[in-house]
Amino acid sequence: MSMFGQVYVKDNKYKIKGDFHHMTQNMPIRNADDGWKLLGVTNPRDMTYIHSYGGEAIFFESLGKGKLMATRCDNPDCDSKGVIYQPFRIHCMDCLGKNTVIDMTDIAKKTAKIHTFMVCERSGAFNILDKPIRFINIEFEGVPTILFSYLSVGHPEMGMRVVPIFRTTNPTYTILDLSWVPEGTKKAKLPEGFSF
Ligand SMILES: [Zn+2]
């Protein structure tokens, strides 16, 4: 089998290498109640999707470096001037101006609290998180929005102080590189590849 698709950008164009879709052999679907007669076939398909992060790329790049980035409207004529957005919003919802990217790692370390949570015993397809998944909504001091993420250690409680952890070893460049643990958790308890 040839290699999975790889992409980089040069001269503002995607340069792609390898295979972006694979077809593997189909298999018969047979009827066990009727002498195993043929009913159809499975059509396995495996494809690589090119997902562009655009203006949010800095957010995902920073997670792997142990930093939580947010954005802030700095437009002096905007009613939302000074408002910090986490999750990261490229544009201000009020004035539609381009927000300033800021590092809010310290705010997160010092003020993050569980707003509410949800524990899921089952998951959808392609889940790679450990079950039960402890989804948490996180609030920060001075931030009007709520971040959705997951707790890696312990059991969530409303109002619980949590601190961010980052997958700094072999990052996936996805939102899964960011997780949370209760304040005071020892380094040895962190999941593999994560650090404070
Ligand atoms: Zn604004």
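Reader: What share of the contacts in the chain between residues at least 6 apart in sequence join residues at least 24 apart?

Author: The share is 47%. Keep in mind that this is a predicted model, and that every value here is computed from it.

Reader: How many helices and strands are there in the chain?

Author: The chain has 2 helices and 15 strands. Its radius of gyration is 22 Å, whereas the globule rule gives 16 Å for 196 residues, so the chain is more spread out than a compact globule. The C-alpha trace spans about 70 × 45 × 35 Å along its principal axes. Buried residues account for 18% of the 196 residues.

Reader: Which domains does the domain assignment give?

Author: Domain 1 takes in 1-23 + 41-50, and domain 2 takes in 54-195. Between the C-alpha centres of domain 1 and domain 2 there are 30 Å.

Reader: Now the core. Which residues have the most contacts inside the largest nonpolar core?

Author: They are A70, I84, I138, V162 and W180, in a core of 27 residues. At least two residues of this core come from each of these elements: helix 1 (57-63), strand 8 (84-85), strand 11 (133-139), strand 12 (147-151), strand 13 (162-167) and strand 14 (178-182).

Reader: Take V162. Which residues does V162 touch, not counting those up to four places away in sequence?

Author: V162 touches A112, K113, I114, I138, L151, W180, V181, P182 and E183. Two of these, I138 and W180, are also on the list of core residues with the most contacts.

Reader: How do I read the pairing of strands in general?

Author: Strands of a sheet pair through backbone hydrogen bonds, either parallel or antiparallel. In this structure, one open sheet has 3 strands in the order 8-7-9, with antiparallel pairing. Strand 8 and strand 9 (100-103) are its edge strands, each pairing on one side only.

Reader: How many bridges does strand 7 form with strand 9?

Author: Strand 7 (residues 69-72) pairs with strand 9 over 4 bridges, in the antiparallel sense. One bridge sets R72 against T100 in strand 9.

Reader: What are the pairings of strand 11 with strand 10 and with strand 12?

Author: Strand 10 (residues 113-120) and strand 11 run antiparallel and are joined by 7 bridges. Strand 11 is also antiparallel to strand 12, over 5 bridges. N137 can be followed through both pairings: N137 is the bridge partner of T116, and N137 stands opposite F148 in strand 12.

Reader: Which side chains of strand 11 point to the buried face, and which to the other?

Author: The side chains alternate along strand 11. R134, I136 and I138 point to one face and are buried, while I133, F135, N137 and E139 point to the other and are not. I138 is thus a residue to look at in both views, being among the core residues with the most contacts.

Reader: Where are the cis peptide bonds to proline that I should inspect, the one at P87 and the one at P132?

Author: Q86 and P87 are joined by a cis peptide bond with omega about 10 degrees, and P87 is in the loop between strand 8 and strand 9. K131 and P132 are joined by another, with omega about -5 degrees. P132 is in the loop between strand 10 and strand 11.

Reader: I90 is in the loop between strand 8 and strand 9. Why does I90 count as partly exposed?

Author: I90 counts as partly exposed because it has 14 C-beta neighbours inside 10 Å. A residue is buried at 20 or more and exposed at 12 or fewer. Leaving aside neighbours within four places in sequence, I90 is in contact with G55, E56, T71, K98 and N99. Between the C-alpha atoms of I90 and C73 there are 9.5 Å, and the two are 17 residues apart along the chain.

Reader: What is the phi of D11, and what is the phi of F126?

Author: For D11, phi is near 50 degrees, a positive value in a residue other than glycine. D11 lies in the loop between strand 1 (6-10) and strand 2 (13-17), and is exposed, with 5 other C-beta atoms within 10 Å. For F126, phi is near 70 degrees, again positive in a residue other than glycine. F126 belongs to the loop between strand 10 and strand 11, and counts as exposed with 5 C-beta neighbours inside 10 Å.

Conventions
Residues numbered from 1 in each chain as written. Predicted model: local features only at pLDDT ≥ 70, side-chain atom pairs only at ≥ 80, totals over all residues. Core = buried A, V, L, I, M, F, W, Y, C linked by C-beta atoms within 7 Å. Contact = placed C-beta atoms within 7 Å. Pairing = 2+ DSSP bridges. Domains from an automatic or database assignment. Rg over C-alpha atoms; globule rule 2.2 N^0.38 Å.
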